[in-house]
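Student: Hey, can you walk me through a structure? I'm new to this.
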Amino acid sequence: MELVVETKNLTKVYEGKVVAVDNVDLKVPKGVIAGLIGHNGAGKTTLISMLVGLTLPTKGSGKVLGYDIIKESLKIRRKVGLLPEGFGFYDHMTAHQNLLYLAELNGIKREEAERKVVEVLKIVGLEEQKDLKVKAFSRGMKQRLGIAQALLKDPQLLILDEPTVGIDPEGAIGFKMLMKRLVSEGKTIILSTHLLHELGDVCDYIILMKQGKILTQGFLKDLQKEYEERKGYVYEIKARRNAEKLSEELRKIGEVELKNGKIVLKCEKDSTEEINSVFKKIDGLVLEEFRVIEPSLENLFLYYYYER
Amino acid sequence: MGFTVVLKKELRDMFTSKRFIVLVVVFLVFYIAGFFYLASIGLPQIRNPIPFFLSSYGRVLSLMASLLGVAFGYDAIAGERERGTLRIVLAQPIYRDSLALGKLAAFLVLTTTSIYASTFISLGVFVAGFGGAVTDQDIIRVSLVALAAVLLSLVYYSVSLLFSVFSKKASHSAMLSLAVWILLVAVLPLIATMVAVSVAGPPPRGLRGVPQKQRAAIIKEWSRRFNQARSTVMKISPNTFFEMIVFTIVREAASQSGKTIPLYEALSSIAPSYAILAIVPLVLLPVGFIIFVRQEEK
């Protein structure tokens with residue numbers, strides 16, 4: 001498996017006390033859409049900043065596209081399209097002028113830059129707004145322009161930090177389609193997000209982060225396989241009396257746990273019929289809650305975040 | 001590579017910015033108003049226009065040059081940081097020092113061209129109005145004053161840039177920069193006078209019975225102590241060094257008919273003032289750059 005990003009014990013400590021990224025061993029294979037998922041403050045942006053050399057690691061090492069993140073950050077930024085979090089454009093300049101400036105910063109010659117700018121504006125659907133000043137752009141349009149600038153250098157790797165913040169649902173769908181198209185062209189994409197439901201379905205590789213650490217990483221299908229084993233049915237029952245007898249009966253059906261005065265029964269299969277028969281045998285039982293644990297990305301996230 | 005791209009973009013932005021246009025308009029209003037005032041009281045014909053020109057124009061230049069520095073320094077970094085453009089620029093293959101140097105170089109071009117252009121245009125208008133001849137030496141004198149103004153604007157630019165590097169918001173940096181400008185240009189003369197009075201005491205009174213010679217000596221001594229204390233305090237302001245340069249060149253130009261102070265002698269006496277105006281940015285700019293280069297955008 002060819003890796004485009006690989007880090008070892010990557011750590012960032014701010015002001016000697018705030019550990020933003022803690023001994024991260026990140027591995028991103030080529031040609032995937034990798035979702036870097038975690039709450040705000042999980043360390044995603046700091047990790048990204050270190051990958052492209054905008055922040056120096058306190059400890060550890062890493063390579064992006066084969067370049068050292070400490071010694072060869074400029075080469076990395078020449079090859080990696082980055083959409084940083086909280087970015088902005090020059091409001092007094094048009095979309096075309098903004099992109100032309102950024103293209104020239106990448107060392108793209110004027111003629112080639114002109115061609116590239118038109119091309120990327122077309123990709124993100126802003127070709128008709130190219131001569132509009134950016135101050136007239138909506139949030140979604142600015143976000144698309146941000147993606148356009150990341151595409152200017154025809155990058156092998158795209159790193160997009162919270163790319164769908166502020167985008168309307170229609171824009172988010174368009175964004176996902178664009179990501180899938182770019183990956184089909186052989187690019188690798190790292191999407192950092194805390195909005196699991198928005199981007200989860202587009203990712204085929206998952207990196208879960210919490211408090212600066214990577215909780216898990218791997219192909220979604222592998223993680224789901226592991227989680228699939230935990231698919232189950234949960235019944236929460238309140239017993240007004242006969243609690244001990246009830247627990248005894250329920251242990252024959254599944255795993256029993258006492259939680260906040262309730263009996264929580266976890267079963268591997270749908271056990272509604274068996275539970276009905278227990279309800280007929282014992283008086284004073286109330287089924288307070290019933291839920292099915294599905295191997296969705298949200299549940300996978302919750303499982304790693306809170307249960308493991 | 002990144003440096004020249006930033007330089008070109010910054011130059012385009014600076015010359016077309018509202019703040020530059022406002023400064024040009026303010027400058028023109030100042031100048032035209034002064035010219036019309038002189039015209040209203042009748043334009044005398046002057047044989048040697050340079051001392052008159054420099055002594056009036058120098059004051060305007062002192063204000064405009066320092067304002068120019070503040071106007072373009074305060075948001076050089078903080079503005080980019082606040083708008084998020086710093087993040088998008090640094091996402092490209094460019095070093096932070098190339099960005100800062102590109103901005104500085106653009107400011108140098110802006111301040112040099114605008115100060116020299118306005119100075120020589122003003123001189124042309126002045127000579128056309130008041131008459132007189134301008135010699136090669138006069139061109140050197142005027143150029144020296146313009147050079148001092150460029151250095152003065154650079155002093156204020158470096159102070160504002162330093163605030164800009166530390167500030168997250170351009171408004172914070174603008175407030176600090178303007179506070180320094182107001183302190184050095186408007187408040188310091190008042191403080192200097194108060195300090196001078198406290199050092200030299202109030203002006204001597206009750207000298208009616210004192211013989212004329214002795215009275216003159218007392219007043220002279222009080223004036224000496226007052227001026228010494230005042231000028232010592234005023235040396236906190238870079239504008240004072242600019243004014244010293246202008247004053248020396250005006251004095252030299254005024255006395256040139258008598259050939260009492262040759263230009264090279266005047267130059268040697270104002271060299272320390274130039275040095276001080278140059279040293280401040282030479283110290284503050286690297287400090288600002290080093291801090292900026294070492295900063296990390298979280």
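Tutor: Sure, we can go through the sheets, the interface and the cavities.

Student: What kind of model is this?
Tutor: This is a predicted model, in which local features need pLDDT of at least 70, side-chain atom pairs count only at pLDDT 80 or more, and totals for chains, interfaces and linings use all residues. Residues are numbered from 1 along each chain as its sequence is written, chains are lettered from A and ligands numbered from 1 in the order in which they are written, and side-chain values use heavy atoms, with hydrogens and water left out.

Student: Okay, sheets. What is the order of the six strands in the open sheet of chain A?
Tutor: The order is β7-β8-β9-β4-β10-β11, with mixed pairing. Strands (E, at least two residues) and helices (H or I, at least four) are DSSP runs, numbered from the N terminus, and two strands pair if DSSP finds at least two bridges between them.

Student: Which strands stand at the edges?
Tutor: β7 (80–83) and β11 (213–219) of chain A do, each with a single partner strand, so one side of each is left without a neighbour in the sheet.

Student: And in which sense do β4 and β10 of chain A pair, parallel or antiparallel?
Tutor: Parallel, over four bridges. A:A34 stands opposite A:Y205 in β10(A).

Student: Which helix packs on that sheet?
Tutor: Helix α6 (residues 169–184) of chain A, which touches β4, β8 and β9 of chain A. Touching here is contact, meaning heavy atoms within 4.5 Å.

Student: New topic. What about the open sheet of four strands?
Tutor: That one, also in chain A, has the order β13-β14-β12-β15, and the pairing is antiparallel. β13 (255–259) and β15 (285–293) of chain A are its edge strands, each with a single partner, so one side of each has no neighbour in the sheet.

Student: How many bridges join β13 and β14 of chain A?
Tutor: Five, in the antiparallel sense. The bridge partner of A:E255 in β14(A) is A:K266.

Student: How much area is buried between chain A and chain B?
Tutor: About 2,500 Å², of which carbon and sulfur atoms give 60%. Buried area is the accessible area (1.4 Å probe) that two parts lose on being put together, summed over both. In chain A, A:Y90, A:Y101 and A:L105 lose the most area to chain B, together 26% of what that side buries.

Student: How many residues are in contact there?
Tutor: 29 residues of chain A are in contact with 22 residues of chain B.

Student: Any holes? How many cavities of 30 Å³ or more does the structure hold?
Tutor: Two. A cavity is a set of points, on a 1 Å grid over the protein atoms alone, where a 1.4 Å probe fits but cannot get out, and lining residues have an atom within 4 Å of a point. Grid points are joined across faces, edges and corners, and a volume is the space filled by probe spheres set on the points.

Student: What volume does the largest have?
Tutor: About 110 Å³. Of the 11 residues that line the largest cavity, those closest to its centre include A:T45, A:S49 and B:R87.

Student: And which residues line the second largest cavity?
Tutor: A:L26, A:L36, A:L47, A:I48, A:L51, A:I190 and A:I207. The volume of the second largest cavity is about 30 Å³, and α1(A) gives the largest share of its lining, three residues.

Conventions:
Axes are lines fitted to C-alpha atoms, for helices over the stretch in contact, and angles run from 0 to 180 degrees between N-to-C directions. On a 1 Å grid over the protein atoms alone, a cavity is a set of points where a 1.4 Å probe fits but cannot get out, and a pocket is an open set with protein on both sides within 12 Å along at least five of seven lines; lining residues have an atom within 4 Å of a point.
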